[in-house]
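Please find below a few notes for a colleague who is coming to this structure without earlier acquaintance. They are set out as numbered points and are best read with the structure open alongside.

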Amino acid sequence: MIEFNLIDEPWIPVRTKAEGRLVKVGIAEALLRAEAFSDLVGDVPTQVPALLRQVLLPVVADALGLPATFEDWGRRFAAHAFTSAEQKVLREYFAAHRDRFEVFDQERPFGQVAGLRTAKDETKSTALMVATAASGNNVPLFSSRTDADVYPLAVDEAVRWLLHVQCWDTAAIKSGAVGDSKVKAGKTTGNPTGPLGQLGVLVPMGVSLYDTLLLNTLIWSGPRAGKPQWRAENAASPEWDTRPAEGLLDLWTWQSRRVRLIPEETGGGVWVTRVVLSAGDRLLELPDYEPHTAWKPVTDKKAAAGARRPRRLASGRAIWRGMQALLEVEHADREHTSELLTKLSGLRGEGEIDEDYPLRLEAFGAVYGTQSAVVEDLLHDAIPLPISALDRDGDVFDLVVEATEQAEQLEKAINGLSQELRRALRADPIPWDKGNRPGSLVLHALDPLVRRMLAGVQASGGDQDVVWRGQLAWELKAWEATRRIADHVVAAAGPGTFGGRVIKVGPNKVETLFSLGTAEGRFRKRLAEALPRAAEHRLRAAAERRAVDDERGEETA
């Protein structure tokens, strides 16, 4: 039997804190030296939440238990590393369950079903598991591969994509497995995507892997958290079911697919070249304790009171643009942040985490194409998130939410300027859902400014004076950036806008002049309304300059 045990074999890519080197480690080293690593690094970003949820978090939670109180969590977090006693428990856990982490075990291969096969003993290329590889209908642009090409994966790569499949696989038709009573005509239809594919995944990240593990650990004082898939009573079989999650660890290690990796020994080592991939368990409903997504209320009149669904990411939209929903920890009847960020808000209130802790919030998502059968895009974004912004009554919350709303207002101001100039040229405005409107240039220009502002607020530790100065600096920079884009829009409009034209607008058909002058005037008004501190600062600075000029004039006279 080919041996590859995930406890010891190097397969998890991590970056060292000291040198910033990228190395691979096994589960044991990743956890026992978690304080020495800064980041998990996947082949694609969406592998990171898969590594956390399918392996690292459930191992820690199953071996050491989940913290039951804020104080318990704070004590663990303050240690910055697993204590000697905790490391001893982890080593005992690895010894007790070592056989469950063998990738090619004859009876219970990790994350797979031993002997899984189709009626015709068909296997498929491992490209089927790789979201970025051409396979079937999933054909990335410019790919020159076909299904007939071999797509060999090293064993460590294959395991990472195995975890990715369990979390993010498409809803395409699956091969029918022998032993699955629900197979019809040799296939299984109606498969949902992997469980993470239905979420907008939000993962708090710390300065070390150890901190990240704690930041992603719920405080659990309720019933038992369940078991991870490798401690299930019976080995996985081709048969699957639609059922509720039996606790947090079952949810984290959800087996949404039945898989068998087929290794091949060559002169260059062991490679995984073929795979059997069929339908797996379907979640009856997403439990309230799902920790890694924000929520939004269900507006359907037929929905039960208080019903909510995961808030997914939008392609091409920076995570900071939905900041209020990310920070909303109190009102569950509106867009609401994740359970983990709600927990962090409570920890902040109890003083268990410092206000200036350099928390980073990373967001992951997938965009599926036709009938969710293909992957169109994998989404990833990251922002520094000030801990103090999780206090809804605090100044930092107001600043962060206001700044992101201001960015949206500036986008509208530029789009309004563009529309009025087009009307002055006897052209129709660009429809909101067609073409590229210049407001998107503002959001692109403001993106680094918003991230810099968040980092500055985070470093301030909630110092009110620093926050206020940062708010003024943000508005002044945002003013400059928006003004530059407005100048380009005006320059592109041409001289035909000077004279303008009169158009009847609104339900009362009011005659309104659209010209360069009126458009510029209305844009300046919108700019000043969106950035009131910058407008006041500029007026005060202009008055001071005039006073200096007057003084010099009097001296000259």
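1. Arginine 360 has proline 384 of strand 16 as its bridge partner, in a model that is predicted. Strand 15, which covers residues 360-368, is joined to strand 16 by nine bridges, and the two strands run antiparallel.

2. Strands 15 and 16 belong to an open sheet of three strands, ordered 8-15-16 and paired in antiparallel fashion. Its edges are formed by strand 8 (201-205) and strand 16 (375-384), each of which pairs on one side only. On average, and with direction ignored, neighbouring strands of this sheet are turned by 20 degrees against each other.

3. Turning to the helices, the axes of helix 2 (residues 47-64) and helix 5 (residues 155-168) come within 9 Å and cross at roughly 90 degrees. Because angles of 65 to 115 degrees count as roughly perpendicular, helix 2 is described as roughly perpendicular to helix 5.

4. On the side of helix 2, the contact is made by Gln47, Pro49, Ala50, Leu51, Gln54 and Val55, while helix 5 contributes Arg160, Trp161, Leu163, His164, Gln166, Cys167 and Trp168. Sorted by class, the residues in this contact of helix 2 with helix 5 are eight nonpolar, four polar and one charged.

5. At the level of the whole chain, the division is into domain 1, made up of 12-292 + 370-377, and domain 2, made up of 407-555. How far apart do the C-alpha centres of domain 1 and domain 2 lie? The distance between these C-alpha centres is 47 Å.

How values were computed. Residues numbered from 1 in each chain as written. Predicted model: local features only at pLDDT ≥ 70, side-chain atom pairs only at ≥ 80, totals over all residues. Heavy atoms only, no water. Axes fitted to C-alpha atoms, helices over the stretch in contact; angles between N-to-C directions. Helix = DSSP H or I, 4+ residues; strand = E, 2+ residues; numbered from the N terminus. Parallel < 35°, antiparallel > 145°, perpendicular 65-115°, else oblique. Contact = heavy atoms within 4.5 Å. Nonpolar A, V, L, I, M, F, W, Y, C, P; charged D, E, K, R; others polar. Domains from an automatic or database assignment. Pairing = 2+ DSSP bridges.
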